[in-house]
Structure formats: C-alpha cells, structure tokens
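Biologist: Before we discuss this protein, could you put its sequence and model in front of us?

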Amino acid sequence: MDPLSVHTAAYTALDAIAHVTVYDGDVPEKPPADTAGRVLPYLVLWANPGRHLPDSENLASSASTALIADLTITCAGGTQARVLQVAHLARNALLGVVLTGCGPASELTAPRPVQIDRNVTPARFYTVLTFRLTAP
C-alpha cells in the first residue's frame, strides 16, 4: 500500500465523525466559530510519507514492502472541553480500527497536554495525537 492510500483511508475514517470538521493539513485563517466567537472543534490530519519496514525487522528475512505510517492529528477547538471531546472522537475513529489494507491502528505516544495558541485569532486550544498503521 502506498502512503497516499493510507492517508486517504485515515482521512475518510476521521471525516465520518459527525459535527467535526476535518482539515487535510491546511486550516483556514478563520475556522467556523460559535456565536460567542469560540472556534468549533476540528481535526487536522498531517500527511506523512511513511517508511518501509527494514529487512532486519522482517521475521521472514525476505525483502519487505510493508509500509509503516505514523498519523499525526491536531485536535483543536475554542475551549479545552471541545479539544478533549474531539480527541476522544478521533481516538475512537482510529484506535484498533483496521483501515482498508492496513493492520489495526495503535496510539504511539501519550498526547501532549491541552495547550492554547494565542498567535491565531480567535485563540484556540489544541493537542496532538499520533497513531501508527502498518500496511503489508
């Protein structure tokens, strides 16, 4: 499987989450907000070319075409609560789910604490999730 297919499958799984906008690496300057001006929850999926499984990790000791793809997802919103909710939804959409042509997704690292980005207007909270997929 190629990196674009893995990325597309992950995007499709995230995009199926109701009431959450998913951006493919590019967030508009002014994402949708509520009447109080707080940004509505959204996800950003960042492209990753992946890497091939080294032969030394291949148990069969044969040439490997397996692709390891790490998915980085920014979970953002106008409040910390929105970020926690959208992170939970993203995790449920990907964790353990077998995307077409891939093994089950697994979470790589503990997420960073929710932080606030005051360099954008309106300011928004965010955290980052990272998942790994292996495509034979």
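Biologist: In what sense do strands E6 and E7 pair, and over how many bridges?

Modeller: This is a predicted model, in which local features need pLDDT of at least 70 and side-chain atom pairs count only at pLDDT 80 or more, while totals for chains, interfaces and linings use all residues. Residues are numbered from 1 along each chain as its sequence is written, and side-chain values use heavy atoms, with hydrogens and water left out. Strands are DSSP runs of at least two residues, numbered from the N terminus, and two of them pair if DSSP finds at least two bridges between them. Asp117 stands opposite Arg124 in E7, and E6 (residues 115-117) pairs with E7 in the antiparallel sense over three bridges.

Biologist: Which residue stands opposite Leu67 in E7?

Modeller: Strand E4 (residues 67-77) also pairs with E7 in the antiparallel sense, over 11 bridges. There, the residue opposite Leu67 is Ala135.

Biologist: How many of the 12 residues of E7 are buried?

Modeller: Buried means under 20% relative accessible area, with a 1.4 Å probe and protein chains only. By that cut-off E7 (residues 124-135) is mostly covered, and the number of buried residues is nine.

Biologist: How do the residues lining the largest pocket divide into nonpolar, polar and charged?

Modeller: The lining includes Asp117, Arg124 and Tyr126, and the elements giving two or more residues to it are strand E2 (42-46), E4 and E7. Ala, Val, Leu, Ile, Met, Phe, Trp, Tyr, Cys and Pro count as nonpolar, Asp, Glu, Lys and Arg as charged, and the others, Gly among them, as polar. A pocket is an open set of points on a 1 Å grid over the protein atoms alone where a 1.4 Å probe fits, with protein on both sides within 12 Å along at least five of seven lines, and lining residues have an atom within 4 Å of a point. The lining thus divides into eight nonpolar, one polar and three charged.

Definitions and conventions
Buried < 20%, exposed > 50% of the residue type's maximum accessible area, 1.4 Å probe, protein only. Helix = DSSP H or I, 4+ residues; strand = E, 2+ residues; numbered from the N terminus.
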